Amino acid sequence: MAKCEICQKAALFGNNVSHSHRRSNAVWKANVKSVMVKQNGAAKRMYVCTSCLRSGKVERA
């Protein structure tokens, strides 16, 4: 669910590495919000990341 519908930013997968260099799985999710957006003159609910909201790629309804 953590995927931006505008820029397609999604979760990143990798490893957490401790001081002793032991590795465990890690997931970094995009900061995605559910917002009402104006699209083709109509209001629609979309999942949009906060960087798209701040940069003005989306107009809120």
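Starting at the N terminus, the elements of this protein follow the order β-β-β-β-α. That makes 4 strands and 1 helix, and since this is a predicted model, everything below describes a prediction. The radius of gyration is 16 Å, well over the 10 Å that the globule rule gives for 61 residues, so the protein is more spread out than a compact globule. You can see this in the C-alpha trace, which spans about 55 × 20 × 15 Å along its principal axes.

Let's look at the surface next. The accessible surface comes to about 4,800 Å², and carbon and sulfur atoms account for 48% of that area. Of the 61 residues, 21% are buried. As for how the chain meets itself, take the contacts between residues at least 6 apart in sequence: 27% of them join residues at least 24 apart.

Now turn to the hairpin of β3 and β4. Strand β3 covers residues 32-39 and strand β4 covers residues 42-49; the two pair in the antiparallel sense over 8 bridges. Where does the bridge partner of Q39 sit in β4? It is A42. Between the strands of this hairpin there are 2 residues, and N40 is in that loop between β3 and β4. The backbone of N40 is worth a look, as its phi is positive, about 55°, although N40 is not a glycine. Is N40 buried or exposed? With a relative accessible area of 82%, N40 lies over the 50% cut-off, so it counts as exposed.

A second residue with a positive phi is found earlier in the chain. Q8 lies in the segment before β1, the strand of residues 12-17. Its phi is about 65°, and Q8 is not a glycine either. The relative accessible area of Q8 is 46%, so this residue is partly exposed.

Back to the hairpin, this time for its side chains. As general background, side chains in a regular strand alternate between the two faces of the sheet. Which residues make up the largest nonpolar core? The set has 9 residues in all: C4, V35, V37, M46, V48, C49, C52, L53 and V58. At least two of these residues come from each of β3, β4 and α1, and β4 gives the most, with 3 residues.

V37, one of the core residues, is a good place to pause. Setting aside neighbours within four places in sequence, V37 is in contact with A42, A43, K44, M46, V48, V58, E59, R60 and A61. Among these partners, M46, V48 and V58 also belong to the core.

One of the other partners of V37, E59, leads to the last stop. How many salt bridges are there? The count comes to 1. In it, the side chain of E59 meets that of K38, with 3.6 Å from N to O. The pair links distant parts of the chain, 21 residues apart: K38 is in strand β3, while E59 is in the segment after α1, the helix of residues 50-55. K38 has a relative accessibility of 46%, so it counts as partly exposed.

Technical notes
Residues numbered from 1 in each chain as written. Predicted model: local features only at pLDDT ≥ 70, side-chain atom pairs only at ≥ 80, totals over all residues. Heavy atoms only, no water. Pairing = 2+ DSSP bridges. Salt bridge = Lys/Arg side-chain N within 4 Å of Asp/Glu carboxyl O. Buried < 20%, exposed > 50% of the residue type's maximum accessible area, 1.4 Å probe, protein only. Core = buried A, V, L, I, M, F, W, Y, C linked by side-chain atoms within 4.5 Å. Contact = heavy atoms within 4.5 Å. Rg over C-alpha atoms; globule rule 2.2 N^0.38 Å. Areas by Shrake-Rupley, 256 points an atom, 1.4 Å probe, with all protein chains shown as cover.
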